[in-house]
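Q: Could you take a close look at one part of this predicted model for me, the nonpolar core and what sits around it? I'd like the packing walked through residue by residue.

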Amino acid sequence: MGGGMGGGVGGQDEGKMIQEVQQQLRAQYVQEFYQTVRDKCFKACVPYPGSSLSSSEQKCLSRCMDRYQDATNVVTKAVLGSQ
């Protein structure tokens, strides 16, 4: 009978561990996502890198990042809505 109680505690520990792993995966996904977006936007907006960004390059980067963020929000809502 004591094994039944131990199983409950183990289940709680397992649940906590799963939540921690999920949180780490989310953080890693966000980091990789933004790195990808930065790379893609930089390639699209800065054809000839120099020591500083021009005004038009800054605006392009800002718009590009905003578009990726908006697209991600739409996809995330669609995915979460379908669960």
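**The core and its surroundings**

A: Start with the largest nonpolar core, which is made of seven residues: Phe33, Val37, Cys41, Cys45, Val46, Leu61 and Cys64. Two helices feed into this core, with H1 and helix H2 (55–81) each giving at least two residues. H1 makes the largest contribution, namely four residues.

Keep in mind that this is a predicted model. The protein chain has a mean pLDDT of 85, with 84% of its residues at 70 or more. The stretch to leave alone is residues 1–7, where pLDDT stays under 50 and the model shows zero contacts beyond four places in sequence. Where pLDDT is low, the predicted coordinates shouldn't be read in detail.

Now for Leu61, one of the core residues. If you skip its neighbours within four places in sequence, Leu61 is in contact with Cys41, Phe42, Cys45, Val46 and Leu53. Among those partners, Cys41, Cys45 and Val46 are also listed in the core.

Phe33 is another core member, and this residue takes you into the aromatic part of the story. The structure holds two aromatic pairs. In one of them, Tyr29 and Phe33 have ring centres 6.3 Å apart and planes at 25°, so this pair counts as stacked, the cut-off being under 30 degrees. Both residues lie in helix H1 (residues 2–45), and their spacing of four residues is about one turn of the helix. Phe33 also pairs with Tyr34, this time edge-to-face, at 5.1 Å centre to centre with 75° between the planes. Put together, the ring pairs join Tyr29, Phe33 and Tyr34 into a cluster.

Burial separates the two partners in that edge-to-face pair. Phe33 has a relative accessible area of 15%, so this residue is buried, the limit being under 20%. Tyr34 comes out at 29%, so Tyr34 is partly exposed.

One polar side chain deserves a stop too: Glu57, which is found in helix H2. Glu57 is buried but has no salt bridge. Its nearest side chain of opposite charge is Arg63, 12 Å away. As for what Glu57 does touch, not counting residues up to four places away in sequence, the list is Cys45, Val46, Pro47, Tyr48 and Ser52. Cys45 and Val46 turn up again here: both belong to the core, and both are in contact with Leu61 as well.

Notes: Residues numbered from 1 in each chain as written. Predicted model: local features only at pLDDT ≥ 70, side-chain atom pairs only at ≥ 80, totals over all residues. Heavy atoms only, no water. Phe/Tyr/Trp six-rings, centres within 6.5 Å; stacked < 30°, edge-to-face > 60°. Buried < 20%, exposed > 50% of the residue type's maximum accessible area, 1.4 Å probe, protein only. Core = buried A, V, L, I, M, F, W, Y, C linked by side-chain atoms within 4.5 Å. Contact = heavy atoms within 4.5 Å. pLDDT = per-residue confidence, 0-100. Lys, Arg positive; Asp, Glu negative; His and termini not counted. Salt bridge = Lys/Arg side-chain N within 4 Å of Asp/Glu carboxyl O.
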